[in-house]
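Subject: Structure handover

Hi,

Here is the structure I promised to pass on. I hope the notes below are handy when you open it.

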Amino acid sequence: MNARSWAVDALLAAAICLLTLGPGQVLPGGPGVLALQAGLTVPLAWRRRAPVAVFGVIAAVAAVQWLAGVRLPADVALLVALYTVAATAAWPYPLVASAVTGVGVVLASVRWAPEGRVLLSVVALAAMAGAAVAAGLHQRTRRGYLTALERDRDQRARLAVAEDRARMARDLHDIVTHNLSVMVALADSAHYVRDSAPQRAAAAVSQIAETGRQALADMRRSLAPGEAGERAGASGPGREELRPAPGLAELPGLADRVRGAGLAVDLQVRGPAGQVPAGAQLTVYRLVQEALTNTLKHAPPQTRAEIRIGLSPGAVTVDIVDDGPAGQRPGAGGGYGLKGMRDRVAAYGGTFRAGPRAAGGWQVTARLDLRTGDPEDVGRPDDAGVSARAGRA
């Protein structure tokens, strides 16, 4: 209990003590009655720090008062102590306190109630004690409900943080792994042809720089979208162009960058893209990006990849195959790559499979159910259909 709560309870005890003095009731009774008055009211200052002990002290003083035959209005303090026990003390203390108060009600009614009104006195005093207990239990229930709400809020906040971290980890894995793989392949190509074809080497170096800038922009957007927007709105040399999250319209550019790194890619997108939410488009883009990255990293030269994407109002299907060697590829069993792909598809209640083909090579297939809603839809303004076919390089 903090100092403020103790001060409030001390003021409550003082108020009850002063209000129940009453002319001709306590003061003329002498020091003994004043001591009983103080014993009934002063302990209330510690009612929240030690509710059971305070109730016990006040009940004991009330018993002494009954034995002495002294009637005091300060007995109302027992109801306050009973309320506090019902509101804060652990079980079964509220039951014990209620039983003790019930005995006191009967004894007080028998001793001080007018003749013929004992039953009425018992009923009236029992009703007041019951009201105190009911109010305390209501306060206990309300406090427990609020605590449960706070606990649920904190749990939701922790889950949101964990989900956001997982999303960032997936995005960073996709961005960094893909772009670094492309840059390494381009750097190897530039090194290989620097003497025989300097123009091709210079073009590869230029594409490395462009890929690096694209990676930095994607990382800024993923880690701090608000800051990226502020920089986009600024003017001057540090101004950056504000770009939407990548989607179906960016797939041809992705295929071109991978071709530049030496992987032959055939891309087909069939269906109206305008009916596919932005979040689903981003998921498809990341699936293709991760699949091509794995092929670029683990498949030998002259490997060819085929990407088939089907769009409809209710679903999106993705099929990515390559003709590299069959068998388990490095990193296919865990990490953020395939796990991130599964998580992205699962967000749409879809199905996902990745593994070797019987005829050789590797295949990634996924189906997104758009009827379950778009968990990441940000209102992508793309009403135009996308139907692109890029020839094999």
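What follows covers a helix pair and a pocket.

This is a predicted model, in which local features need pLDDT of at least 70 and side-chain atom pairs count only at pLDDT 80 or more, while totals for chains, interfaces and linings use all residues. Residues are numbered from 1 along each chain as its sequence is written, and side-chain values use heavy atoms, with hydrogens and water left out.

First, the helices (DSSP runs of H or I, at least four residues, numbered from the N terminus). The axes of H6 (residues 93-112) and H7 (residues 118-193) come within 9 Å and cross at roughly 160 degrees; axes are lines fitted to C-alpha atoms over the stretch in contact, with angles from 0 to 180 degrees between N-to-C directions. H6 is therefore roughly antiparallel to H7 (angles over 145 degrees). Among the residues in contact (heavy atoms within 4.5 Å) are Thr 101 and Val 105 of H6, and Leu 125 and Arg 140 of H7. That contact comprises ten nonpolar, four polar and one charged residue (Ala, Val, Leu, Ile, Met, Phe, Trp, Tyr, Cys and Pro are nonpolar; Asp, Glu, Lys and Arg charged; the others, Gly among them, polar).

Now the second largest pocket (on a 1 Å grid over the protein atoms alone, an open set of points where a 1.4 Å probe fits, with protein on both sides within 12 Å along at least five of seven lines; lining residues have an atom within 4 Å of a point). Its 26 lining residues include Asp 75, Gly 104, Ala 108, Trp 112 and Leu 125, the closest to its centre. H6 gives the largest share of the lining, nine residues. By class, the lining has 19 nonpolar, five polar and two charged residues.

Best wishes

Conventions: Helix = DSSP H or I, 4+ residues; strand = E, 2+ residues; numbered from the N terminus. Parallel < 35°, antiparallel > 145°, perpendicular 65-115°, else oblique.
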